[in-house]
Amino acid sequence: MRAKQLGKTLNSRELNTLIHPLRYRDNRNLLYLAADYLTLAAVLTTGIGFCHNRADWGIAWGWNIPVVILTVLLVGAVQHRLAGLAHEGAHYILLKNRFWNEFVSDFFCLFPLFSTTGQYRLIHLGHHEYTNDWDHDPELLNLGKTRMMDKFPMTKWEFIYRFYVRIFWPPALLRYMWDNIFVTTLGNGVHPYAKHVSTNPSGMIGRVRITSVLGVVWFAVYCSVMGYISYYGTAVQMAATMVGFLTAALAVIAALPEDWFFQSDLRPVIPVKVTSALRLTWLLLFEAGFAWAKLLTGTEWGVYVYLFWVLPLFTSFPYYMLLRDLYQHANADDGKLTNSRVIFCNWLTRWAMFIYGQDVHLTHHLYPAVPHYNLHQLHQLLMQNNVEYAENVVECDGMFFNHTGRPTMLDVIEQATCEPGGDAANSDDAPHEAELQTAET
């Protein structure tokens, strides 16, 4: 059925009258967050329980290998889902209240992934403002070549070789891991929101902030001391160590100049020093959890933290992000209606990779103030009521093959599926991130 034309543009009053209710946000993401943590608890309990009790059950050691691999894949998927909720937080649509939006996004989504919402927001909003622009898009400037975005278009077999085989070659994998750490963990990526920020040279060591170095050193020493006490110390010593390290961290944060910390043109929801204090507090509690477990039970539980949390964090989790970003943007132009796609896939791929509305990515780019739980409805609304959208949107189905007649995800990275340019694709009348964000503010 041909779409109706409500107004001449995506910003028409008639169309936005229908869309406006979909911008309403509530606090249902707390339920999604709880479900993800329950899933994580179930996966970790199963994986750790098997590895810890396997010998007592009389099961051969070799069964550890498939169990560990499956657990790493599942934990990485849940980590990816937490990042998906943080993506909502970066758009201020995770929760209704802006402070709790930031706090929950940080403390329960991105602190566990060793990043912050503020750092991620700058890269992501810049990506929205300059999507697929190699001169300005922060995701391309920071990670584009690492992700081989400059190599498209490529054949299906070349894609399979590069991203299902070659990416696991240690030098390529280590480079991708380091670039992610440098940008997302240390917050040193290039972004368009530092035009009015004057960097204090005395607060930098090369391209890295001294506060980042101090934080890493503080955490490394803290882990070493807590690890030693968990073997040879007492509960009183461990509690005193926690209080001492937290007090020292807070004192140093308070004493250091404000411009030594993460800065940008965007006003932070939570002051940067408070965010730094909260981040170190989370890390302190994270390490304390398994140090106390070792002290009280005599069992070294920390090895499972590195095996089932840190290992997925640097392997399966960034791999899901890589594939998702490629299927969303690789081989697409920078047109407003052609810079991404709408992707139909099976439930498992959606659960692990195209999390929280990431499968209707073009729709999200057009209306980033619409929460993920309304994006599918928005896509159908636009298909039925806007000719420009219906005629330009690229819908793909499945990864390798399907029977729907739509292109697969591999089809769209092999050849152009939309024409760059064109009035609808590049129209300045399409919604802009800055305009929508200002409206939300």
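## The largest cavity

About 590 Å³ of space lies in the largest cavity of this protein, and the model it is computed from is a predicted one. Its lining is made up of 33 residues, and those closest to the centre are Tyr120, Asn180, Thr184, Phe317 and Met321. If you would like a starting point for looking around inside, those five names will take you there.

Which elements give two or more residues to this lining? They are helix H3 (64–90), helix H5 (117–129), helix H6 (138–143), helix H8 (170–185) and helix H13 (316–329). Helix H13 gives the most, with 7 residues.

In chemical character, the lining of the largest cavity divides into 16 nonpolar, 13 polar and 4 charged residues.

## The second largest cavity

Next comes the second largest cavity, which holds about 40 Å³ of space. Its lining consists of His127, Asn132, Asp137, Glu139, Leu140, Arg147, Met149, Asp325 and His329. Helices H6 and H13 each supply at least two residues here, and both helices are also listed among the contributors to the largest cavity.

How do the residues of this lining divide? There are 2 nonpolar, 3 polar and 4 charged residues. The charged ones are Asp137, Glu139, Arg147 and Asp325.

## The overall count

With a cut-off of 30 Å³ or more, the predicted model has 5 cavities. The two described above are the largest, at about 590 Å³, and the second largest, at about 40 Å³.

Definitions and conventions
Residues are numbered from 1 along each chain as its sequence is written. This is a predicted model: local features need pLDDT of at least 70, side-chain atom pairs count only at pLDDT 80 or more; totals for chains, interfaces and linings use all residues. Side-chain values use heavy atoms; hydrogens and water are left out. On a 1 Å grid over the protein atoms alone, a cavity is a set of points where a 1.4 Å probe fits but cannot get out, and a pocket is an open set with protein on both sides within 12 Å along at least five of seven lines; lining residues have an atom within 4 Å of a point. Grid points are joined across faces, edges and corners, and a volume is the space filled by probe spheres set on the points. Helices (H or I, at least four residues) and strands (E, at least two) are DSSP runs, numbered from the N terminus.
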